[in-house]
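Trainee: I should like to learn how to read the features of a protein model. May we begin with the structure itself?

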Amino acid sequence: MDKSWILKDKNSQKYDDGVQAFIEYANAHAKKNDEGNVRCPCVNCKNFKFKDNDTIYEHLICDGILRSYTIWSRHGEEKGPTSTPTTKVERRDDDSVGNHNGDNIRGMLEDLHPDVNANIDGVVNETSQDSTPMPDSNFESAKCLKNG
């Protein structure tokens with residue numbers, strides 16, 4: 001399934017079409033609660049709250065989807081050949097996170113992602129991409145102004 005819409009402007013037709021396709025997919029594959037609702041992957045609900053289709057649509061259009069939610073595991077998608085491949089990382093017992101064979105890995109990562117702050121142990125700060133709304137050129141979209 002094409003998920004490129006996740007990175008598009010929330011006011012674009014491609015994003016809107018993607019939201020509708022996601023809702024159809026979720027209703028066909030996701031586990032539902034007793035009321036028949038599925039989890040909402042918006043930046044506020046973060047897949048913790050069950051919502052009806054109209055509310056999920058409104059949340060995804062107005063607030064945006066979690067940018068890191070690329071494998072829809074809470075909506076029936078399984079990791080497999082069509083999912084994003086994972087990289088096996090070698091576990092090391094020594095303290096070489098910041099400097100591996102003379103390479104400054106931490107420095108390179110900070111160059112690539114200056115907005116991500118890591119503490120001295122390499123644990124990512126709790127404010128990650130998951131809770132950050134996607135940039136929006138017209139936040140006050142007519143679709144989001146339900147009650148004027």
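Mentor: We may begin with the helix α1, whose buried residues are Tyr-15, Asp-16, Gly-18, Val-19, Phe-22, Ile-23, Tyr-25 and Ala-26. Please keep in mind throughout that this is a predicted model.

Trainee: Why do residues three or four places apart in an α-helix point the same way?

Mentor: An α-helix has 3.6 residues a turn, so residues with that spacing point the same way. In this structure, Tyr-15, Val-19, Phe-22 and Ala-26 are among the buried residues of α1.

Trainee: Against which elements do the buried residues of α1 pack?

Mentor: They pack against β1 and α2. The helix α1 itself has 17 residues, and from its first C-alpha to its last it reaches 24 Å, close to the 24 Å expected at 1.5 Å a residue.

Trainee: How should I read a nonpolar core, and which residues of the largest one touch the most other members?

Mentor: One may look for the members with the most contacts, and then for the elements that supply them. The largest nonpolar core has 21 residues, and those touching the most other members are Trp-5, Tyr-15, Val-19, Phe-22, Ile-56, Leu-60 and Trp-72. Both α1 and α2 (53-62) supply at least two residues each to this core. The greatest contribution is that of α1, with six residues.

Trainee: How many aromatic pairs does the structure hold, and how is such a pair classified?

Mentor: The structure holds four aromatic pairs. To classify one, consider the angle between the ring planes: over 60 degrees counts as edge-to-face. The planes of Trp-5 and Tyr-15 are at 70° and the ring centres are 5.3 Å apart, so this pair is edge-to-face. The pair joins distant parts of the chain, since Trp-5 belongs to the segment before α1 and Tyr-15 to helix α1, 10 residues apart.

Trainee: Are Trp-5 and Tyr-15 buried or exposed?

Mentor: Both Trp-5 and Tyr-15 are buried. They also belong to one aromatic cluster, together with Phe-22, Tyr-25 and Trp-72. In addition, the charged end of Lys-3 sits over the ring of Trp-72, 4.7 Å from the ring centre.

Trainee: How many disulfides are there?

Mentor: The test is a distance: two cysteine sulfur atoms must lie within 2.5 Å. By this rule there are zero disulfides. Cys-40 is in no disulfide, and its nearest cysteine sulfur, that of Cys-42, is 3.7 Å away. For Cys-42, the closest cysteine sulfur is in Cys-45, at 3.7 Å, which is too far for a bond. Cys-40 nevertheless counts as buried, at 0% relative accessibility, and Cys-42 is buried with a relative accessible area of 0%.

Trainee: Where does Pro-41 lie, and which residues does it contact?

Mentor: Pro-41 lies in the loop between β1 and β2 (50-51). At 0% relative accessibility, Pro-41 counts as buried. Beyond its neighbours within four places in sequence, Pro-41 is in contact with residues including Phe-22, Ile-56, Leu-60, Gly-64 and His-75. Sequence separation and distance in space should be read together: Pro-41 and Gly-64 are 23 residues apart in sequence, and their C-alpha atoms are 8.5 Å apart.

Trainee: Why is Asn-37 counted as buried?

Mentor: A residue counts as buried under 20% relative accessible area. Asn-37 has a relative accessible area of 17%, and is therefore buried. Asn-37 is placed in the loop between α1 (13-29) and β1 (38-39). Leaving out residues up to four places away in sequence, Asn-37 touches Lys-31, Lys-32, Phe-50, Lys-51 and Asp-52.

Notes. Residues numbered from 1 in each chain as written. Predicted model: local features only at pLDDT ≥ 70, side-chain atom pairs only at ≥ 80, totals over all residues. Heavy atoms only, no water. Helix = DSSP H or I, 4+ residues; strand = E, 2+ residues; numbered from the N terminus. Buried < 20%, exposed > 50% of the residue type's maximum accessible area, 1.4 Å probe, protein only. Contact = heavy atoms within 4.5 Å. Core = buried A, V, L, I, M, F, W, Y, C linked by side-chain atoms within 4.5 Å. Expected span 1.5 Å × (residues − 1). Phe/Tyr/Trp six-rings, centres within 6.5 Å; stacked < 30°, edge-to-face > 60°. Lys NZ or Arg CZ within 6 Å of the ring centre and 35° of its normal.
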